[in-house]
Amino acid sequence: MDLQFANCEKTGPRRCLDHRRRQHECTQNQTYLLPYKNIYISPIISALVFFLFFISSVCPVRSVNFNDTDQDFRPRKLKFIRAHLAKVNKPAVKTIQSPDGDIIDCVPSHKQPAFDHPKLKGQKPLDPPDRPKGQKSRTVFQENQENFQVWSMSNEFCPEGSIPIRRTREKDVLRASSIRQFGKKLRQVRRDTSSNGHEHAVGYVSGDEYYGAKASLNVWAPVVANQYEFSLSQMWVIAGSFGDDLNTIEAGWQVSPELYGDNYPRFFTYWTSDAYQATGCYNLLCSGFVQTNNKIAIGAAISPTSAYNGGQFDISLLVWKDPKHGNWWLEFGNGILVGYWPSFLFTHLRDHASMVQFGGEIVNSESSSSHTSTQMGSGHFAGEGFGKASYFRNLQIVDWDNNLVPLSNLRVLADHPNCYDIQGGINKVWGNYFYYGGPGKNSKCP
């Protein structure tokens, strides 16, 4: 039986976290079959081939990025990749070369990927909704209210009526396990343990109706040990059960060498309405999220970042449900509307969320006998406090009347506290907050 949100308090939050565990267990064993002719294959070998084919269909192996040993395979794959890129990369009215190597295409807003969706064809982005009512957060230290993105350092911007989209290139798709799964989180097999390689340190609320959430979090550049791991800090807006009908809206920053090809922290979004099976994607890599802003590029690198014992830079994120049209809007920074997820993308989230989570997550690919050294947040434990540990502050939720209100029952949880931990608190300046993170492998986390 699917674990329902209503049962989270009975079974424990650890069970509630497991729905988001992303697939990385299938990367260890790779099998490649060559099309030799006129070679006798015994029944035993035939049975083995069938077994391996069956296993690969259940647990897809990671590709070898179609290297030069796949001479017969590569041209066909590249043909499919280029066809996919032709759908993802839309014609641009202007192209901007980012200092970090990204190419930013300025695409007419009504031609962005979202409008490939059958329910959006021929439409244009909606006008901004009423922002939730509530006091703005206060702070006692100097912060970068809007936080720059690296591509904007070129001092070029997209013209009005267009949106900036990070161009997807062949090398991006070649890093993925398959063309079909590029830009998506692979569906996770349900487990009753947290030992599937994904580790969290999160604060969460549940047991009520939520119409949005807001938080400020500082940005770091954590070390990620290898291409098949990532480190992120984000907010989840969740509805449905923890079965096949899971609905989530996600936004934050992440370091993902596999997705982006580097180790820069990048602003990202995600959504799904069926537990990461067939729906949803990162950023604008499928039809779904409708972007309305011409100055923020989803998937682009964030700069500057926080420094240990130095300057701290946060980004503010607000996700809320428009009371009039029911769409879920995203605000980034100091009142900058990025765009919205149309309500028809979802089932349970067409109404409201039943859980909100904030915090960090890493992947431990278990490529060796020891724990990964991939860092979460700043790479330092929560107990080191401000200027050293990563944090979320001014945690709020949006109520039924479109009001931003403080949390009343924040709970915190760390899957592996010897590797990554979390400590919550509340005060007059930061409201509800917590510090979180850690170095991964250390003397207590071997």
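Me: Helices (H or I, at least four residues) and strands (E, at least two) are DSSP runs, numbered from the N terminus. In which helix does His84 lie?

Reply: This is a predicted model, in which local features need pLDDT of at least 70 and side-chain atom pairs count only at pLDDT 80 or more, while totals for chains, interfaces and linings use all residues. Residues are numbered from 1 along each chain as its sequence is written, and side-chain values use heavy atoms, with hydrogens and water left out. The helix that holds His84 spans residues 74-88 and is helix 4.

Me: Is His84 buried or exposed?

Reply: With a 1.4 Å probe and protein chains only, buried means under 20% relative accessible area, exposed over 50%, and partly exposed in between. His84 touches Ile179 and Phe182, not counting residues up to four places away in sequence, where contact means heavy atoms within 4.5 Å. Because its relative accessibility is 19%, His84 counts as buried.

Me: Which are the edge strands of the open sheet of six strands?

Reply: Two strands pair if DSSP finds at least two bridges between them, and the antiparallel order of this sheet is 8-7-6-13-4-16. The strands that pair on one side only are strand 8 (266-272) and strand 16 (411-414).

Me: Which residue of strand 8 stands opposite Trp253?

Reply: Strand 7 (residues 247-255) runs antiparallel to strand 8 and is joined to it by seven bridges. Trp253 is also among the residues that touch the most other members of the largest nonpolar core, which has 83 residues; such a core is a set of buried Ala, Val, Leu, Ile, Met, Phe, Trp, Tyr and Cys residues joined through side-chain atoms within 4.5 Å. Opposite Trp253 in strand 8 stands Phe267.

Me: How many residues apart in sequence are the parts that Trp271 and Phe346 tie together?

Reply: Rings of Phe, Tyr and Trp (its six-membered ring) pair if their centres lie within 6.5 Å, and planes under 30 degrees apart count as stacked, over 60 as edge-to-face and the rest as tilted. A search of the whole structure finds 19 aromatic pairs; the rings of Trp271 and Phe346 have centres 5.9 Å apart and planes at 80°, so this pair is edge-to-face. Trp271 is buried at 5% relative accessibility, and Phe346 is buried with a relative accessible area of 1%. Since Trp271 lies in strand 8 and Phe346 in the loop between strand 12 (336-341) and strand 13 (353-363), the number of residues separating these parts in sequence is 75.
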